[in-house]
Amino acid sequence: MGQGTSKSSSPSTQHVFTSDTPVRFSQELIDALQASPETDSTRAKDLELHIQSRVNAELSRLEAEQTRTLRELEEHISATPDPTTDSSHTPSQSGVPDQSASKGGRDQGAKADGDKLRDLGRQSVQNEIEELRQKLQQRKLREDISGDKAVEKAKQDVVTCLRLNDRRPLDCYKEVEAFKKEVGRLEKNFLGRILE
């Protein structure tokens, strides 16, 4: 198994197909084929050169498109104000001429509207975050279990029973059930306050 080859080692035989009707080519075709300087290898080389030139043309087109897109994005980024800078700091105060003023009033108005919308969106998100923080502070998500005397007593009963019956922990099933009951009551009260 695995030692033999998957192909037969017999030499390839040549198959010849014969036609019942004779195939005839015109003398003009035969002369044109014989007179042609092209061979299979020259045709293959021509095809390869044609493919390479098409690929190069496509690559240069894509590169030009990427360069144009990059330039547009850089212009767009440089035209938008930096939100991390202070709003009182303007480009004209830093010694760099204000380019937005030279572009025209319509573009500047559209930019100002976009800034207002951005500020409104930012402000609304901040307000929602603050509301959620206040709601979470009003609800105590984590209860202090040690504050409930019944749970603490049931816990102590389980610990005491397990210490007395260290070789037979299954004898403490009554205390464990009482502890589970108290924890269940505490969970029910907690969920009742959360879901209100």
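**Note on a predicted helical chain**

1. A search of the whole structure finds 8 salt bridges, a salt bridge being a side-chain nitrogen of Lys or Arg within 4 Å of a carboxyl oxygen of Asp or Glu. Side chains of opposite charge can pair when their charged atoms come close. Three of these pairs are taken up below, after some remarks on the model.

2. This is a predicted model, in which local features need pLDDT of at least 70 and side-chain atom pairs count only at pLDDT 80 or more, while totals for chains, interfaces and linings use all residues. Residues are numbered from 1 along each chain as its sequence is written, and side-chain values use heavy atoms, with hydrogens and water left out.

3. On confidence: pLDDT is the predictor's confidence in each residue, from 0 to 100. The protein chain has an average pLDDT of 76, and 69% of the residues score at least 70. Among the elements of the chain, the lowest mean pLDDT, 46, belongs to helix H3 (residues 99-103), and the highest, 91, to H5. Over residues 86-104 pLDDT stays under 50, and the model has 8 contacts beyond four places in sequence for this stretch. A contact here means heavy atoms within 4.5 Å.

4. On the overall make-up: the protein chain has 6 helices and 0 strands, and its elements run α-α-α-α-α-α from the N terminus on. Helices (H or I, at least four residues) and strands (E, at least two) are DSSP runs, numbered from the N terminus. Of the contacts between residues at least 6 apart in sequence, 57% join residues at least 24 apart.

5. On the surface: the accessible surface of the protein chain comes to about 18,300 Å², and 55% of that belongs to carbon and sulfur atoms. Accessible areas come from the Shrake-Rupley method with a 1.4 Å probe; for residues, only the protein chains shown count as cover. Of the 196 residues, 5% count as buried. Buried means under 20% relative accessible area, exposed over 50%, and partly exposed in between (1.4 Å probe, protein chains only).

6. On the nonpolar patch: Leu 47, Ile 51, Val 55, Leu 59 and Leu 62 make a nonpolar surface patch of about 440 Å². Patches are made of residues with over 30% relative accessible area and no salt bridge; like charges are joined within 9 Å, and nonpolar side chains (Val, Leu, Ile, Met, Phe, Trp, Tyr) within 5 Å. Leu 47 lies in helix H2 (residues 40-79). Leu 47 counts as exposed because its relative accessibility is 52%.

7. On the salt bridge in H2: Arg 61 pairs with Glu 58, and their closest N and O atoms are 2.5 Å apart. The two are 3 residues apart in helix H2, so about one helical turn separates Arg 61 from Glu 58. Arg 61 is partly exposed at 41% relative accessibility, and Glu 58 is partly exposed with a relative accessible area of 38%.

8. On the salt bridge in H4: Glu 130 pairs with Arg 133, with the closest N and O atoms 3.8 Å apart. Glu 130 and Arg 133 are 3 residues apart in helix H4 (residues 105-138), so they are separated by about one helical turn. Glu 130 is partly exposed, at 38% relative accessible area, and Arg 133 is partly exposed, at 49%.

9. On the salt bridge in H6: Glu 177 and Lys 180 form a salt bridge whose closest N and O atoms are 3.9 Å apart. Both residues lie in helix H6 (residues 173-195), 3 residues apart, about one turn of the helix. Glu 177 is partly exposed, with a relative accessible area of 45%, whereas Lys 180 counts as exposed at 51% relative accessibility. Elsewhere, salt bridges that share partners join Glu 58, Arg 61 and Glu 65 into one network.

10. On the disulfide: the structure holds 1 disulfide, defined as a pair of cysteine sulfur atoms within 2.5 Å. The disulfide joins Cys 161 to Cys 172, with an S to S distance of 2.1 Å. The torsion about the S-S bond of Cys 161 and Cys 172 is about -95°, so the disulfide is left-handed. The pair links distant parts of the chain, 11 residues apart: Cys 161 is in helix H5 (residues 149-164) and Cys 172 in the loop between H5 and H6. Both Cys 161 and Cys 172 are buried.

11. On Lys 155: this residue is also placed in helix H5 and counts as partly exposed at 42% relative accessibility. Lys 155 and Phe 179 are 24 residues apart in sequence and 6.1 Å apart in space, C-alpha to C-alpha.
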